[in-house]
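Trainee: Could you take me through one part of this model slowly, and then show me how it sits among its surroundings? I would like to follow a single residue outwards.

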Amino acid sequence: MTPEQAKQLVAEAAIEYIEWDWVIGVGTGSTANLFIDELAKIKGQIDGAVASSEASAERLRNHGIKVMELDQVGGLPIYVDGADESTKHLHLIKGGGAALTREKIVAAASDKFICIADDSKLVNVLGSFPLPIEVIPMAKSYVARQLVKLGGNPILRDNVTTDNGNLIIDVHDMSIENPVQLEAKINQIAGVVTNGLFAQRGADVLLLGGSEGVTKIEA
Ligand code: 5RP
């Protein structure tokens, strides 16, 4: 089974969680895109969607799904998004698509976070995937120096500006043994908008696609 087929399986499985008249929180990336395509098939049953990026908002609109602002809806019953890495404790690294800040906001505002991924994303320890950090542009060198002090190897992502007008630093070579603690520590660095650790608010359900079908891990 290819990773694409595995992603398709979990995109379809996530649809099972959707109830009539809900507004759906929608993530960003290739797996989230497949979920959006599946959501389009039941668009008559939902009230709309809140997107975690301009790219996802555009894909939703192209399917004729109403895109709403988070402020318009208050809380959301569900958020569906992919991940770059996950542990069995449902701690995640996200932000490979540079959408981490809005993803973290929509996840925080949602009752249930369903994470969908192919099973290559399941790891014992987070950190092989470089940890994305969204930074205010003027703070990039300062933040990078602080990240070196934390044991990382920060590299500015080339030619990327986030939907919020900021930059992304990817932190390589970190073995993240305590993601909850590191998430809090990095957030305290002046100039950091968000880091890509989703540990304080991890996923509630992880759906992994693979040759055995869909495996579910629940908090
Ligand atoms: C975007 C993300 C994505 O969820 C993550 O990068 C996974 O992407 P894909 O589904 O393409 O593997 O966090 O910022």
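Mentor: Happily. Let's begin at S53, which is found in the loop between β2 and α3. The model is a predicted one, so read each value below as computed from its atoms. S53 counts as buried because its relative accessible area is 5%, under the 20% cut-off. Leaving out residues up to four places away in sequence, S53 touches T28, A99 and D163.

Those partners make more sense once you look at the domains. The chain is divided into domain 1, covering 3-122 and 200-218, and domain 2, covering 131-195. The contact between them takes 14 residues from domain 1 and 18 residues from domain 2. Taken over C-alpha atoms, the centres of the two domains are 24 Å apart.

Now for the open space. T28, one of the residues S53 touches, is also among those nearest the centre of the second largest pocket, together with G29, S30, A83 and D84. That pocket has 14 lining residues in total, and its volume is about 150 Å³. By class, its lining divides into 1 nonpolar, 8 polar and 5 charged residues.

The two elements that flank the S53 loop, β2 and α3, lead us to the largest pocket. Along with α5 (100-108), β2 and α3 each supply at least two residues of its lining. The space in this pocket comes to about 230 Å³. Its lining has 13 residues, and V50, A51, E69, L70 and R102 are the closest to the centre. Here the classes are 8 nonpolar, 1 polar and 4 charged.

β2 and α3 also take part in the packing of the interior. The largest nonpolar core has 26 residues, with F35 and L39 making the most contacts inside it. The elements that give two or more residues to this core include β2 (48-51) and α3 (54-62), and also α1 (3-15), α2 (30-41) and β12 (205-210). Setting aside neighbours within four places in sequence, F35 is in contact with A11, A14, I15, I18, I24, V26, V80 and I116.

I15 is a good residue to pick out of that list. I15 sits in helix α1 and counts as buried because its relative accessibility is 14%. Beyond four places in sequence, I15 touches F35, E38, L39 and I42, so in your viewer you can select these together with F35's partners. The C-alpha atoms of I15 and L39 are separated by 6.9 Å, although the two residues are 24 apart along the chain.

Apart from the largest core lies another, of 20 residues, among them I93, L131, A139 and L182. For a close view on the domain 2 side, try I186 in helix α7, residues 179-187. I186 is buried, with a relative accessible area of 0%. Without neighbours up to four places away in sequence, its contacts are L131, I133, L147, L150, V192 and N195. L131 is also one of the residues of that 20-residue core. Between the C-alpha atoms of I186 and V143 there are 9.1 Å, with 43 residues separating the pair along the chain.

Key:
Residues are numbered from 1 along each chain as its sequence is written. This is a predicted model: local features need pLDDT of at least 70, side-chain atom pairs count only at pLDDT 80 or more; totals for chains, interfaces and linings use all residues. Side-chain values use heavy atoms; hydrogens and water are left out. A nonpolar core is a set of buried Ala, Val, Leu, Ile, Met, Phe, Trp, Tyr and Cys residues joined through side-chain atoms within 4.5 Å. Buried means under 20% relative accessible area, exposed over 50%, partly exposed in between (1.4 Å probe, protein chains only). Helices (H or I, at least four residues) and strands (E, at least two) are DSSP runs, numbered from the N terminus. Contact means heavy atoms within 4.5 Å. On a 1 Å grid over the protein atoms alone, a cavity is a set of points where a 1.4 Å probe fits but cannot get out, and a pocket is an open set with protein on both sides within 12 Å along at least five of seven lines; lining residues have an atom within 4 Å of a point. Grid points are joined across faces, edges and corners, and a volume is the space filled by probe spheres set on the points. Ala, Val, Leu, Ile, Met, Phe, Trp, Tyr, Cys and Pro count as nonpolar, Asp, Glu, Lys and Arg as charged, and the others, Gly among them, as polar. Domain bounds come from an automatic or database domain assignment.
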